[in-house]
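Student: I am new to this structure and would be grateful for a close look at a single helix and its surroundings. Please follow it with whatever helps to place that helix beside other parts of the chain.

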Amino acid sequence: GTIATGAMYVQYQIPAERRFRWPLVLVHGGGGQGLDMLGTPDGRPGWAEFFVRRGWAVYVVDRVALGRSPYHPDAYGPLGPLPVYELMHRMFVAPERYPDSYPQAKLHTQWPSTGEMNDPVFDQFMGGQGSALASLTETHVHMQRCGAALVDRIGPSVLLTHSAAGPFGWLVADKRPESVKAIVAVEPIGPTFLERPIGKLSWGITAIPLAFDPPITDAAELKPVPRKAPRPDLLDCMVQSEPAHRLPNLCGFPIAVVTAEASWVTQQDHGTVDFLRQAGAKVDHLRLEEHGIHGNGHLMMGEKNSDEVAACIAGWIEKKV
């Protein structure tokens, strides 16, 4: 028979005293789910409630085949590997305990518990993590289709994305530029032109085509070249060869890239910022340590000072939009 595929579950809350005109859409990363935005691993209210209390209408996404968006292999194909405690401990919970970690790992202080392998807060975090689709291309196709359908339904919105959901913002804006009022990309997937077994960011920041100007039909026409990192503790990243192609559909609204002090992503986010600016976008790079917020890793919405990080982001949105 005929099956339904590609469903995206969205939970929303609209405060009785709404202060802001545009809805705020929160999109989780990796193999997580909307739960990442609804609460912290140690049981405190999450960013969704923070923004609702501040007066925003908030829409929390469970990306296709994750969380409350049903998955079946006959509909979607295989999943990627399961998250394992050992890797997640190194990446999220206690990167500072590994001598061979990235340089900024030693600054990590904000995990909301002891950081031990048998810690119940770590168990709670792992309970909400799963496997994403094995194809990055298919993932991005679903992001663009579902994200466009969402803003068609709820109207022009501010998009706040995290990590692997970074392309959600770029792709929805490319499809519905008139329906995106701002993008906050919290440590978006990168570096630019990233290549992994599940796929490649062939188009710089996405695995599927974006509308460049002058138009191109092959991602190879971007001719990526390395750009030297601005500091010795950061990594060189890739940008387009000059003269660069513009991304006109990402140029009509403000963008913020948010980077934590002690995340591995702090080494590479400047590459995404450079790529977007080179393509004509208006981008602010919010490095949290420059705003007096220290010690955060990649899962900043789940760490001890999650409300402080959210307040910094809210301040930027409310100033810009």
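Tutor: In this predicted model, the buried residues of helix α7 are G166, P167, F168, G169, W170, L171, V172, A173 and D174. Helix α7 spans residues 166-175, and nine of its 10 residues are buried, so the rest of the structure largely encloses this helix. The elements against which these buried residues pack are the strands β2 (24-27), β4 (157-162), β5 (180-186) and β10 (254-259), together with the helices α6 (136-154) and α8 (269-278).

Helix α8 also takes part in a salt bridge: D274 pairs with R227, and their closest N and O atoms lie 3.9 Å apart. This pair links distant parts of the chain, since R227 belongs to strand β8 (residues 225-227) and D274 to helix α8, 47 residues apart. R227 has a relative accessibility of 32% and therefore counts as partly exposed.

Other helices may be set beside α7. In helix α2 (residues 47-54), the buried residues are W47, A48, F50, F51 and V52. After α2 comes G55, with a positive phi near 110 degrees.

A further case is a pair of helices. Helix α4 (residues 85-93) packs with helix α5 (residues 120-127) at an angle of about 105 degrees, their axes being 12 Å apart. The two helices, α4 and α5, are therefore roughly perpendicular to each other. On the α4 side, Y85, M88, H89, F92 and V93 meet F122, D123, F125 and M126 of α5. The residues of this contact comprise seven nonpolar, one polar and one charged.

Technical notes:
Residues numbered from 1 in each chain as written. Predicted model: local features only at pLDDT ≥ 70, side-chain atom pairs only at ≥ 80, totals over all residues. Heavy atoms only, no water. Buried < 20%, exposed > 50% of the residue type's maximum accessible area, 1.4 Å probe, protein only. Helix = DSSP H or I, 4+ residues; strand = E, 2+ residues; numbered from the N terminus. Contact = heavy atoms within 4.5 Å. Axes fitted to C-alpha atoms, helices over the stretch in contact; angles between N-to-C directions. Parallel < 35°, antiparallel > 145°, perpendicular 65-115°, else oblique. Nonpolar A, V, L, I, M, F, W, Y, C, P; charged D, E, K, R; others polar. Salt bridge = Lys/Arg side-chain N within 4 Å of Asp/Glu carboxyl O.
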